[in-house]
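Student: I have a structure to study and some questions about how its parts meet. Can we go through them one by one?

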Amino acid sequence: MNEASDEPQSSMARTGVTHLLFDYEGESAYLAGVLPYFRAARTARATLVLAVSAAHREQISPHLPGQTADEVVFVPAGAWGSNPGRFIPAWRDWITAQPAHRPVFAVNELDWSGHSAAARCELRYQEWLLNQAFADAPAFSLLCPVDRGTAPAGAVQKLARSHPHTWIGSAQQPGSAFQKEHYVLEDTTAEPDTEVEQMRYGVDDLSALRALVAQRALAWGVDPARITDLQLAVTEIATNSIRYGDGHGTLRIWHTDEEVVCELSDAGVIADRLAGIVRPPVEQLDGRGLWFVNQVCDLVQIRSAPGKGTRIRLSMSIRAL
Amino acid sequence: VEKLQTRISRQTTPRVVTAAGEIDMTTQSLFAAAVAEGLTGADALVLDLLGVEFADSTGLWALLKAQRDAAARGVPLRIAASRPVMRLVELAQVQRVLLVHHDRATAINACG
């Protein structure tokens with residue numbers, strides 16, 4: 001992987017990410033935790049990159065004394081959209097845009113209630129993958145505040161599996177529940193309780209596959225402007241099936257009230273967990289298939305294991321009428 | 001009907017390779033061959049892809065390869081891109097290397 005190649009060269013040590021879960025309850029506890037973090041940033045002569053809610057921005061702004069405009073940068077929290085596969089690329093862009101000679105201290109607030117249970121599961125997995133994605137990055141500290149009073153039930157316990165460190169009071173400590181070696185994804189890919197259409201595909205069926213997907217997605221209410229995007233995503237996964245999964249695969253397609261789901265299964269295995277969440281540099285010719293999939297879909301669920309093959313669900317929301 | 005039709009206009013300056021239809025793993029080599037043929041001996045090359053209704057990462061691969069080969073020979077390369085082609089360039093954020101235009105005349109004029 002050369003995922004760090006698009007970052008500015010720096011004399012700073014590539015110490016990687018320090019990824020902290022900050023579990024609090026209530027607004028006064030929030031301030032009591034983030035202010036020491038800001039002081040630590042100042043001591044480290046770091047750039048503060050803040051992806052926080054509008055309310056928190058207002059709350060903390062008076063508490064950033066002595067830090068100049070280029071030392072405190074607000075970025076649009078959640079601007080990466082609905083698909084958690086775009087969360088890590090957003091942070092990469094945000095920190096790459098900062099001056100290379102200073103470390104980055106960042107605050108990462110996520111709108112957990114704004115995502116479906118399946119998307120929250122993928123987002124927690126992306127939080128875990130972030131440790132690997134930034135393992136070789138220049139000094140980067142990421143504080144993830146979660147209000148246990150408003151977060152979905154069990155959120156803090158589940159998130160603890162993704163975070164190597166916790167922020168308690170004004171200091172960092174090892175996260176006791178962190179899953180260092182292997183992250184166990186929750187099962188959020190239950191069988192749909194609706195009619196499912198199935199199509200087996202090989203190299204000669206790509207046009208037919210695209211035609212079927214377009215026809216169904218349009219009929220079920222996907223925005224017509226996004227049909228080509230869905231065809232692109234399905235083609236990329238099917239191409240991988242044909243190239244790396246015995247030459248064929250199976251599409252299953254269905255819809256709920258909220259989304260159209262395309263599930264593609266094949267015998268291949270995706271070994272690189274970071275595939276599709278690191279933007280290939282401009283000079284690279286290939287390796288863009290899964291990147292495109294993550295950019296265009298509203299949710300991507302990849303389940304891949306040796307002996308079991310690969311099963312990928314692509315979701316596209318249905319336009320609100 | 002073929003999935004992808006290609007045509008090379010040698011009498012024009014710059015030379016124009018026109019492609020229409022779908023570019024995926026089954027037509028990528030056909031597309032790449034037409035581009036390579038158009039590039040051979042060209043002073044400047046325009047790819048007219050306004051009739052491309054679908055293209056995926058294999059199509060983008062062919063475009064980036066064409067750009068690399070053209071640059072190595074000092075041949076200016078411009079692309080008249082359909083919406084699906086434009087979309088790929090945006091998603092991959094390769095606008096810096098692939099010079100795309102919304103119509104053929106602008107692409108031709110841009111070759112100088």
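Tutor: Yes. Keep in mind that this is a predicted model. Start with one pair: the side chains of E22(B) and R210(A) form a salt bridge, at 2.9 Å from N to O.

Student: How many salt bridges does the rule find across the interface of chain B and chain A?

Tutor: A salt bridge needs a Lys or Arg side-chain nitrogen within 4 Å of a carboxyl oxygen of Asp or Glu. E22(B) and R210(A) meet in one, at 2.9 Å. Across the interface of chain B and chain A, the count is three.

Student: Which element gives the largest share of the side of chain B that touches chain A?

Tutor: The elements giving two or more residues to that side are β3 (45-55), α2 (57-72) and α3 of chain B. One of them gives seven residues, the largest share. That element is α2(B).

Student: Which three residues supply 28% of the area that chain B buries against chain A?

Tutor: The area buried between the two chains is about 2,100 Å². Carbon and sulfur atoms give 61% of that area. No other three residues supply more of chain B's part than M25(B), F54(B) and L91(B).

Student: How are α8(A) and α3(B) placed relative to each other?

Tutor: Helix α8 (residues 289-296) of chain A packs against helix α3 (residues 83-92) of chain B, with axes 10 Å apart. The angle is about 95°. Angles of 65 to 115 degrees count as roughly perpendicular. Therefore α8(A) and α3(B) are roughly perpendicular.

Student: Which residues of α3(B) make this contact?

Tutor: On the α8(A) side are W291(A), F292(A), Q295(A) and V296(A). The contact residues divide into six nonpolar, one polar and one charged. From α3(B) come R87(B), L88(B), L91(B) and A92(B).

Methods
Residues are numbered from 1 along each chain as its sequence is written. Chains are lettered from A and ligands numbered from 1 in the order in which they are written. This is a predicted model: local features need pLDDT of at least 70, side-chain atom pairs count only at pLDDT 80 or more; totals for chains, interfaces and linings use all residues. Side-chain values use heavy atoms; hydrogens and water are left out. Axes are lines fitted to C-alpha atoms, for helices over the stretch in contact, and angles run from 0 to 180 degrees between N-to-C directions. Helices (H or I, at least four residues) and strands (E, at least two) are DSSP runs, numbered from the N terminus. Angles under 35 degrees count as roughly parallel, over 145 as roughly antiparallel, 65 to 115 as roughly perpendicular and the rest as oblique. Contact means heavy atoms within 4.5 Å. Ala, Val, Leu, Ile, Met, Phe, Trp, Tyr, Cys and Pro count as nonpolar, Asp, Glu, Lys and Arg as charged, and the others, Gly among them, as polar. Buried area is the accessible area (1.4 Å probe) that two parts lose on being put together, summed over both.
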